[in-house]
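Here are a few short exercises to work through with the model open beside you. Try each task before reading its solution.

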Amino acid sequence: MKLNKFSFCAIAMAFFFMVSCGRKVTRIDNNTTVDISGNWNNTDSRLVAEEMTGSILTADWLTNHLQEKSGKKPVVIVGLFQNKSHEHIDAETFTKDVERSFIFTQKVGLVQGGKKREELRGEKADQQTNSSASTMKKFGLEKGADYILQGSINSIVDAHKKQKVVAYQVNMELTNIETNEVVWIGDKKITKYVKN
């Protein structure tokens with residue numbers, strides 16, 4: 001089948017049009033606020049984590065702990081954060097933002113919890129038989145946490161036709177592990193108006 005000049009030009013233009021209308025990706029700074037869908041995003045996670053840890057570290061419990069323990073800074077473990085919102089939110093990204101904020105301030109010690117702690121203990125167990133005595137890490141020397149931080153991410157959606165308001169609320173509680181006393185409670189709300 002022979003193509004005449006007109007057919008060839010039409011095919012070439014169609015190909016050019018398809019290629020030029022393709023997806024374009026642009027890298028942006030991680031601190032830039034971009035909210036395309038109106039859903040919970042990395043900016044929400046980072047801002048809530050920074051504000052909440054700032055609130056935790058300026059509350060009375062910290063001063064009380066330092067006085068009772070002769071200036072020894074408290075050790076915190078970040079426990080379970082439940083996603084009770086209407087959308088899929090990976091709570092681990094939020095807890096990592098919280099842990100990063102704690103480490104950045106150096107006002108509290110931070111220890112591993114959950115599956116990461118289990119992996120560390122598994123590595124120590126493996127070292128008992130597979131590492132030299134001079135490099136083997138011993139059991140029973142872990143730093144015990146004084147407090148556990150737990151919380152939840154919740155949402156309420158109010159929608160009508162092409163408009164919706166999504167209200168997110170992150171609740172956090174810091175509990176003294178030895179006494180089960182709740183020493184701090186805080187929450188942060190973010191509300192988004194989305195119009196399609």
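**Exercise 1.** Which residues gather in a patch of positive charge on the surface?

*Solution.* The model is a predicted one. Look for lysines on the surface: the patch of positive charge brings together Lys69, Lys72, Lys73 and Lys143. Next, place one of them: Lys69 sits in the loop that runs between α3 (60–68) and β1 (75–84). Finally, check its exposure. The relative accessible area of Lys69 is 42%; partly exposed covers values between 20% and 50%, so Lys69 is partly exposed. A patch residue needs over 30% relative accessible area, so Lys69 passes that cut-off.

**Exercise 2.** Which residues make the nonpolar surface patch of about 320 Å²?

*Solution.* Ile28, Val34 and Ile36 form this patch. Take Ile28 as the example: its place is the loop between α1 (5–20) and α2 (42–56). Its relative accessible area is 51%. Exposed means over 50%, so Ile28 counts as exposed.

**Exercise 3.** In what order do the elements of the chain run from the N terminus on?

*Solution.* Start with the inventory: the chain has five helices and five strands. Then read along from the N terminus, which gives α-α-α-β-α-β-α-β-β-β.

**Exercise 4.** What percentage of the 196 residues of the chain count as buried?

*Solution.* The buried share is 30% of the 196 residues. Now turn to the outside: the chain exposes about 14,000 Å², and 54% of that comes from carbon and sulfur atoms. To finish, consider contacts with a separation of 6 or more: 64% of them link residues 24 or more positions apart.

Key
Residues are numbered from 1 along each chain as its sequence is written. This is a predicted model: local features need pLDDT of at least 70, side-chain atom pairs count only at pLDDT 80 or more; totals for chains, interfaces and linings use all residues. Side-chain values use heavy atoms; hydrogens and water are left out. Patches are made of residues with over 30% relative accessible area and no salt bridge: like charges are joined within 9 Å, nonpolar side chains (Val, Leu, Ile, Met, Phe, Trp, Tyr) within 5 Å. Accessible areas come from the Shrake-Rupley method with a 1.4 Å probe; for residues, only the protein chains shown count as cover. A salt bridge is a side-chain nitrogen of Lys or Arg within 4 Å of a carboxyl oxygen of Asp or Glu. Lys and Arg count as positive and Asp and Glu as negative; His and the chain ends are not counted. The place of a charge is taken as NZ of Lys, CZ of Arg, CG of Asp or CD of Glu. Helices (H or I, at least four residues) and strands (E, at least two) are DSSP runs, numbered from the N terminus. Buried means under 20% relative accessible area, exposed over 50%, partly exposed in between (1.4 Å probe, protein chains only). Contact means heavy atoms within 4.5 Å.
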